[in-house]
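Visitor: I am new to protein structures and would like to learn how to read one. Could we look at one together, feature by feature?

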There are 2 protein chains.
Amino acid sequence: MFEKIAIIGIGLIGSSIVRAIARGKLAAEVSIFDKSADALAEAETLGLGTKYHASAADAAVGADLVVLCTPVGTYLELTKSIAGSLKPGAILTDTGSVKGHVLKTLQEHVPEHVHFIPGHPISGSEKSGPSAGYKELFDHRWCVLTPPEGADETAVDQLRAFWEAIGSDVEIMDAEHHDMVLAITSHLPHLIAYNIVGTADHLESVSKSEVIKFSAGGFRDFTRIAASDPVMWRDVFLTNKDAVMEMLGRFSEDLSMLQRAVRFGDGEKLEELFTRTRNIRRSIIDAGQETDAPDFGRHPASQDDGEA
Amino acid sequence: MFEKIAIIGIGLIGSSIVRAIARGKLAAEVSIFDKSADALAEAETLGLGTKYHASAADAAVGADLVVLCTPVGTYLELTKSIAGSLKPGAILTDTGSVKGHVLKTLQEHVPEHVHFIPGHPISGSEKSGPSAGYKELFDHRWCVLTPPEGADETAVDQLRAFWEAIGSDVEIMDAEHHDMVLAITSHLPHLIAYNIVGTADHLESVSKSEVIKFSAGGFRDFTRIAASDPVMWRDVFLTNKDAVMEMLGRFSEDLSMLQRAVRFGDGEKLEELFTRTRNIRRSIIDAGQETDAPDFGRHPASQDDGEA
């Protein structure tokens with residue numbers, strides 16, 4: 001599909017992409033850059049690419065496709081450093097969870113002869129690093145592309161075909177709308193999860209060991225996304241502030257209403273909400289974006305038919 | 001272990017208990033009551049008990065152990081209705097997520113010749129009904145007992161042994177402290193999850209189908225506990241109001257600070273919190289209360305070693 005692909009950053013996302021590239025035989029050459037010498041060495045030990053570079057510019061030389069797989073806050077410097085190495089007709093894309101900021105910040109630094117098409121695969125896990133990736137990470141998940149106005153259609157089609165070969169479904173979207181959608185489906189959930197885990201961490205009335213011991217009552221569900229990469233998520237909140245603030249405002253409004261319902265013992269209102277929310281999970285399962293197994297299927301046991 | 005056990009309510013919890021009783025051969029006779037004729041018929045089809053009763057009082061007759069497995073709001077009426085059937089020396093316990101209210105409300109209605117020892121197995125899933133239970137549900141999970149002052153020690157030991165035979169670790173706790181611990185480890189997480197799913201459900205800027213489609217970014221994690229039984233959870237918030245309000249107050253305070261950090265782009269503060277929260281998940285995994293598999297292990301694929 002491509003002669004040479006350059007992967008800039010070999011963490012969870014980058015290392016999953018190269019594994020999916022290998023699975024689909026999508027490139028003859030895969031060059032890998034990471035600023036961490038340890039990560040680069042680990043990638044080489046795992047045999048993830050064909051070349052390993054301590055310089056992003058070197059990794060990008062001659063690549064038909066360059067994929068930024070680092071936290072959004074690193075993009076500007078990286079793009080400046082590789083701009084001179086990008087070959088005419090190359091596609092430059094990324095995998096960040098914020099798109100408006102990326103378009104606005106990078107576009108002027110991308111050479112005219114390069115197709116700049118931001119992207120975002122909506123998939124991941126709470127694990128980080130080269131060994132955390134797996135080739136099926138993007139299977140049946142959505143990848144959103146946000147090409148700027150006037151983007152080359154052939155290049156967009158090529159990038160779409162790449163992500164489909166990686167295993168994803170692809171949707172084209174306006175960058176601003178993407179950021180609003182992700183603010184509610186991803187950024188606010190992470191902020192809330194980080195917050196409640198933080199709250200539980202410094203209570204006086206309940207000890208930390210009690211929180212840990214009795215976390216199976218629901219709390220532990222939040223700890224998964226609150227264990228996501230801290231730097232990546234710091235950058236998301238620094239660069240998608242407006243959309244996050246808007247969704248947070250809505251969340252807080254609703255929480256005030258719910259708090260009131262609890263305070264005044266309004267059982268009818270509570271039951272109405274708790275019934276409505278149940279249906280959304282069903283829709284997500286039906287859409288193939290979630291497992292139907294109880295407890296995420298994480299319980300060691302399988303269900304039986306009653307004959308215990 | 002017991003000659004006869006009566007299970008009052010054959011939903012997820014009741015049907016998991018009877019399956020674990022059968023697994024451990026803990027009783028010769030298991031009588032089952034449910035107010036729903038459908039649930040009772042389903043339980044009989046599944047062969048969950050030895051007798052099936054449309055009257056709780058009938059189910060309780062002659063039982064050595066009676067376990068309430070219904071929403072907390074039903075306890076008072078049920079206890080009044082079975083009080084006359086309880087045999088001298090019987091143990092009456094429950095499985096509700098709130099203990100102070102249960103002690104306060106029921107104690108005066110329990111005959112003096114009956115040992116009343118409230119309990120709470122901290123385990124569950126988002127599924128409901130007789131077929132949702134499984135015999136391993138309580139394995140390696142904690143069950144908290146909150147005996148009233150002056151409770152018979154032999155009876156408490158018997159109940160502890162019962163839960164251990166069911167698969168649980170047992171902790172004895174003061175009812176009031178239990179309610180505070182559960183407010184942060186279970187009740188607040190549920191309230192927050194219900195709230196964010198509700199918020200996502202009625203936005204104008206993002207459609208419901210987009211929320212569903214792109215939920216793998218984090219949102220779907222919240223939908224699991226927001227799909228829990230609505231009536232059970234309504235009753236939790238109606239009966240553990242004070243502790244929930246206290247934890248909600250702490251959560252909101254922290255969220256205001258976090259909102260401020262986002263607004264002013266305080267990356268240092270964000271990264272500090274996001275790093276701290278990561279460690280708590282590690283402790284929960286080390287305590288055996290959570291899986292270490294990425295993404296709760298729900299991803300269809302297994303991790304590979306890089307050779308994709």
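Guide: Gladly! This is a predicted model. Let's begin with helix H1(B), which is mostly covered: 10 of its 13 residues are buried.

Visitor: Which residues of H1(B) are buried?

Guide: Here a general idea helps. An α-helix has 3.6 residues a turn, so residues three or four places apart point the same way. In H1(B), the buried residues run from B:Leu12, B:Ile13, B:Gly14, B:Ser15 and B:Ser16 on to B:Ile17, B:Val18, B:Arg19, B:Ala20 and B:Ile21.

Visitor: What do the buried residues of H1(B) pack against?

Guide: Their partners in chain B are strands S1 (2-8), S2 (27-33) and S4 (65-68), together with helices H2 (37-46) and H6 (153-166). Just after H1(B), look for B:Lys25, with a positive phi of about 50 degrees.

Visitor: Now the sheets. In what order do the strands of the open three-stranded sheet in chain A come?

Guide: The order is S7-S8-S9, with mixed pairing. Strands S7 (119-121) and S9 (169-172) of chain A stand at the edges with a single partner strand each, so one side of each has no neighbour in the sheet. S7(A) and S8 (residues 142-145) run antiparallel, joined by three bridges, and A:Gly119 stands opposite A:Leu145 in S8(A).

Visitor: Which helix lies across S7, S8 and S9 of chain A?

Guide: That is H6 (residues 153-166) of chain A, running at about 165 degrees to S8(A).

Visitor: And how are the two chains related?

Guide: Chain B superposes on chain A after a rotation of 180 degrees with 0.0 Å of shift along the axis (RMSD 0.0 Å). That is the relation of a two-fold axis.

How values were computed:
Residues numbered from 1 in each chain as written. Chains lettered and ligands numbered in written order. Predicted model: local features only at pLDDT ≥ 70, side-chain atom pairs only at ≥ 80, totals over all residues. Pairing = 2+ DSSP bridges. Helix = DSSP H or I, 4+ residues; strand = E, 2+ residues; numbered from the N terminus. Contact = placed C-beta atoms within 7 Å. Axes fitted to C-alpha atoms, helices over the stretch in contact; angles between N-to-C directions. Least-squares fit on C-alpha atoms with pLDDT ≥ 70 in both. Buried ≥ 20, exposed ≤ 12 C-beta atoms within 10 Å, placed from the backbone.
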